[in-house]
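This report describes the fold of one protein chain and the surroundings of a few of its residues. The sequence and the structure come first, and the text follows from them.

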Amino acid sequence: MKKLFNKLIKFSIPLVAFAIILHFILVNLNTSYRIIKSQLYSKEYDLIVLGNSQAHYAVNPKYFSKLKTLNLANVSQHLHYEKEILTQYLKQENHNIKFVLISVDYHSLNKVSTSEIRESMIYYSTGVKPYYNKPKIYFLSPLFFYSPYSVLGLIKTIIYDYYKGIEIVDLEKDSKEKNLIKIIDGFVGLSGSKFKDYSKIDKIMLNEKDFDNVLIILKQTIDLLIKNNIEPILFSAPVHKQELNLRYEYDILKRNKKIIKEIQNDFNIKYWDFMKLELEDDKFFNQNHLNISGAKEFSKILNEKINSINNKP
C-alpha cells in the first residue's frame, strides 16, 4: 500500500506542477479585453463605443476628428461586461466622456452570455463576472472555466502566437493572418472579404430569457450614463442584405424596433439606425461584419453625425 501511495505521489507531482503553471499562464493572458480596459484608464476619452463584434469591427476611432474616441466593444462581449467596466471607471476617475454610442443589433439585444473561454478571459482581464451566476469554484482558477479540449486548443494558440510574435491571444485568426495585431484605441480590424454560403445556414434563433435580461442591462447602462452627465446614443451598425434577409427573423426585428422606440421615448435619447446602410460588398468582411475599408467609411459617417450634435446647447 505504501509503495502504491508513493507511486501516486510521484505521478501526481508533475501533473500538479503543470496545473499550477497553466493556472498562472491563463490568469495572466494578454487579451484584447485587458488591453482595451487599460486604454480606457490610460487616456482621457470624449466618446466611448459599446457593443459586441459588430460594433467592434465597424467603428474605427481613427476617423473621429473632434472627439477622442475609444471602441470598448469587443467580440462576444455583451453589454453587461461593458456596463460593469464603466461603472468601475466612473467611480474611480474624473472623466471627459461626453457621449457613449451603444450598439443595439440583432445579437446584442438578444444575448447575455458568451462562451466559457471568453467568460474566463473577461473575468481575469477585467474583474467582471459573468451575468449568470456561476459556482464559486469557477473563480478559484480559470482551469475550472475550461474543458480539457478547450485547454488543449488554447495551449496550441499560445504556442502558435509565441512563434509568430503575436502578443494578444484572443484576436481573431483572420486578424493574425493579416498581421492586424495592434489594438489602437480599442480597434483592430478585419481585412478582405470572406462571405459564407448562406444557402446552408439556418436563421438565427434567440433566447427570450436573454432578451428580458438584456433590456434590464440596457436600461441600467443608459441610467448610469445619464446620472454621470453623459449622453447615451443608440445605434445599429450596417449588416449585409443577405444577413438581414436570410438569417434574421422578421418578428424579432419588428419586436426590436418597437423596444428601441420605447427606450428612446422613456429616456429621451437618440437612435441612429444604419443597419440597412447600402455599402458595396467589398466593404464587408462577411455578411455580419465590416472590414477595415467598411469601418473607415462607416466611421466617417458616424463622425459627421456626432460632430453635428457636439457642443450644441
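How many residues does the largest nonpolar core have, and which of them have the most contacts inside it? The model is a predicted one. In it, the largest nonpolar core has 53 residues, and I48, I102, L218 and L234 are those with the most contacts inside it. Helix α8 (residues 208–227) gives the most to this core, with eight residues. Apart from it lies another core, of 22 residues, among them F64, A237, F284 and I306.

## The chain as a whole

The protein chain has 313 residues, and 51% of them count as buried. Its secondary structure consists of 11 helices and seven strands. Taking the contacts between residues at least 6 apart in sequence, 76% join residues at least 24 apart. The accessible surface of the chain is about 16700 Å², and carbon and sulfur atoms account for 55% of that.

## Strands and their pairing

Strand β1 (47–50) is covered on both faces: L47 and V49 are buried on one side, and I48 and L50 are buried on the other. In a regular strand the side chains alternate between the two faces of the sheet.

β1 pairs with β2 in the parallel sense over three bridges, and L70 in β2 is the bridge partner of I48. β1, α3 and β2 together make a right-handed β-α-β unit. β1 also runs parallel to strand β3 (residues 99–103), to which four bridges join it. Here L50 stands opposite I102 of β3.

Five bridges join β3 to β4, and these two strands run parallel; V100 has P232 in β4 as its bridge partner. β4 is in turn joined by four bridges to strand β5 (residues 270–273), again in parallel, with S236 opposite D273. Because five of the six residues of β4 are buried, this strand is largely enclosed by the rest of the structure.

The pairings are listed below.

| Strands | Sense | Bridges | Residues opposite each other |
|---|---|---|---|
| β1 and β2 | parallel | three | I48 and L70 |
| β1 and β3 | parallel | four | L50 and I102 |
| β3 and β4 | parallel | five | V100 and P232 |
| β4 and β5 | parallel | four | S236 and D273 |

I48, one of the residues with the most contacts inside the largest core, touches L40, L70, L72, I97, F99, V100 and L101, leaving aside residues up to four places away in sequence. L40 belongs to helix α2 (residues 32–42), in which S32, Y33, I35, I36, K37, Q39 and L40 are buried. Against which elements do the buried residues of α2 pack? They pack against β1 (47–50), α3 (53–58), β2 (69–71), α4 (79–92) and α5 (116–126).

## Three individual residues

F298 is found in helix α11 (residues 292–309). Is F298 buried or exposed? Its relative accessible area is 0%, so F298 is buried. Not counting residues up to four places away in sequence, F298 touches A58, V59, F235, S236, A237, P238, F274, L277 and L290. A58 is 240 residues away from F298 in sequence, while their C-alpha atoms are 6.8 Å apart in space. A237, another residue that F298 touches, is among the residues of the 22-residue core.

S141 lies in the loop between α5 and α6 (148–164). S141 has a relative accessibility of 6% and therefore counts as buried. Its side chain and that of H23 are joined by a polar contact of 2.8 Å. With residues up to four places away in sequence left out, S141 touches H23 and Y124.

N228 is found in the loop between α8 and β4 (231–236). Why does N228 count as partly exposed? Its relative accessible area is 22%, and the cut-off for buried is under 20%, that for exposed over 50%. The side chain of N228 reaches the backbone oxygen of L224 at 2.8 Å. Beyond residues up to four places away in sequence, N228 touches L90 and H95. N228 and H95 are 133 residues apart in sequence, and their C-alpha atoms are 9.5 Å apart in space.

How values were computed. Residues numbered from 1 in each chain as written. Predicted model: local features only at pLDDT ≥ 70, side-chain atom pairs only at ≥ 80, totals over all residues. Heavy atoms only, no water. Core = buried A, V, L, I, M, F, W, Y, C linked by side-chain atoms within 4.5 Å. Buried < 20%, exposed > 50% of the residue type's maximum accessible area, 1.4 Å probe, protein only. Contact = heavy atoms within 4.5 Å. Areas by Shrake-Rupley, 256 points an atom, 1.4 Å probe, with all protein chains shown as cover. Polar contact = N/O pair within 3.5 Å; in protein donor to acceptor, adjacent residues only side chain to side chain. Pairing = 2+ DSSP bridges. Right-handed = clockwise from strand over helix to strand, strands pointing away.
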